[in-house]
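Okay, thanks for coming, everyone. I'll put a structure up on the screen and then talk you through a few parts of it.

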2 protein chains.
Amino acid sequence: MLTVFGDVRSGNCLKVKWLLDRLGHDYRWVETDVMSGGTRSTDFLAVNPAGQVPAVVLEDGRALAQSNAILGYFGEGSAFVPVDRWDRAKMYEWLFWEQYSHEPYVAVARFQRLYAGKTAAEIEPRLMERGRAALERMEAALADRDWLVGSGPTLADLALVAYTRVAHEGGFDLAPHPAIRAWIGRVEAAFGIG
Amino acid sequence: MLTVFGDVRSGNCLKVKWLLDRLGHDYRWVETDVMSGGTRSTDFLAVNPAGQVPAVVLEDGRALAQSNAILGYFGEGSAFVPVDRWDRAKMYEWLFWEQYSHEPYVAVARFQRLYAGKTAAEIEPRLMERGRAALERMEAALADRDWLVGSGPTLADLALVAYTRVAHEGGFDLAPHPAIRAWIGRVEAAFGIG
């Protein structure tokens, strides 16, 4: 059976869980606590030398890491990966943008507030600034469309909803972003996110 | 004709140039200077609202950003994207890791030294630490293999060589990494990087 190493507080890990659930895959979830060093153990580093969750291990022992690469692997051939070559490229554009320009700010601010015990005043202003810029870009992109790419939900929506839906926990205000708020509802419904 | 907006000092932009050259694509290169605000102009933001180079624009006006998504788009169907589904997933694992765990340290330290005028002592120690960790991970991965994925050069090698080959400009020492040094030579030869 497929094994998923993940921390349920991490949007990167939940993305993978949501896709596997939505596509009806059976798997064993091994809760791997980032805060207490679960990703630094010798056993875990043998699975993923990068020391990051999520990581999945196939029945034959082969391991794959990086949340969005895992989404791509399991999503391939499903309705959540566009058949059109251009749309697929645009989906990957959003996936890379998520990891470079959204997650390092929106998710990291949340992590520092919720799990590292920092107060709002202790969060580096640059983190909040860049996180707000990422949300503004999403609001603009979603102003005239229901989904980030093409005419239906894709892995881009799934990846970006993971930390956007809990952005308030990092101190980001979604009130000025009605397009994002409506989109979150659509993505949660499309992927069965409770 | 294809248009590429890029800054020749940026490995992210050079990746795209190298692949297009290697695959024999014609394109017009529009030099876009990050330092002087070239990526913040109204014209450029109309191409890429994320305000980042590289970005490519097809003849019909459609635009695509994110270096590794651009590599994926043009690389599809070439010898540099594995046909095997698992190998393709592992290639994307490296591409996402590059943007999350390598570029933000190895490339940023170089940028700060070469272009932002910082001295070695002014670079945040965390940047150097994480950059070194990224290089150590690559050294381990390349100890017993010629290429990062499968049995030939892929987009993963191309993406990772971009900043690894100039890591010394950011203050990283490749002397203790013989496997990386040999691999750089192989990747440069495979992609015709001069």
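I'll go through the contact between the chains, then a pair of helices, then the core. Keep in mind that this is a predicted model.

So, how many residues does each chain put into the contact? Chain A gives 24 residues and chain B gives 24 residues. On chain A, the elements that each supply two or more residues to the side touching chain B are β4 (63-65), α3 (67-75), α4 (85-114) and α5 (125-142). The largest share there comes from α4(A), with eleven residues. If you sort that side of chain A by class, you get 13 nonpolar, five polar and six charged residues.

Now look at chain B, at helix α4 (residues 85-114) and helix α5 (residues 125-142). Their axes come within 8 Å and cross at roughly 125°. Angles from 65 to 115 degrees count as roughly perpendicular and those over 145 as roughly antiparallel, so α4(B) and α5(B) are oblique to each other. The crossing is left-handed. Who's touching whom? On α4(B) it's B:Ser101, B:His102, B:Tyr105, B:Val106, B:Val108 and B:Ala109, and on α5(B) it's B:Leu127, B:Met128, B:Arg130, B:Gly131 and B:Ala134. That contact has seven nonpolar, three polar and one charged residues.

Last stop, the core. The largest nonpolar core has 105 residues, and which of them touch the most other members? Those are A:Ala156, A:Leu158, B:Ala156 and B:Leu158. Zoom in on A:Leu158: leaving out residues up to four places away in sequence, it touches A:Lys15, A:Trp18, A:Leu19, A:Leu71, A:Phe80, A:Val187 and A:Phe191.

How values were computed
Residues numbered from 1 in each chain as written. Chains lettered and ligands numbered in written order. Predicted model: local features only at pLDDT ≥ 70, side-chain atom pairs only at ≥ 80, totals over all residues. Axes fitted to C-alpha atoms, helices over the stretch in contact; angles between N-to-C directions. Helix = DSSP H or I, 4+ residues; strand = E, 2+ residues; numbered from the N terminus. Parallel < 35°, antiparallel > 145°, perpendicular 65-115°, else oblique. Left-handed = near helix turned anticlockwise from the far one by under 90°. Contact = placed C-beta atoms within 7 Å. Nonpolar A, V, L, I, M, F, W, Y, C, P; charged D, E, K, R; others polar. Core = buried A, V, L, I, M, F, W, Y, C linked by C-beta atoms within 7 Å. Buried ≥ 20, exposed ≤ 12 C-beta atoms within 10 Å, placed from the backbone.
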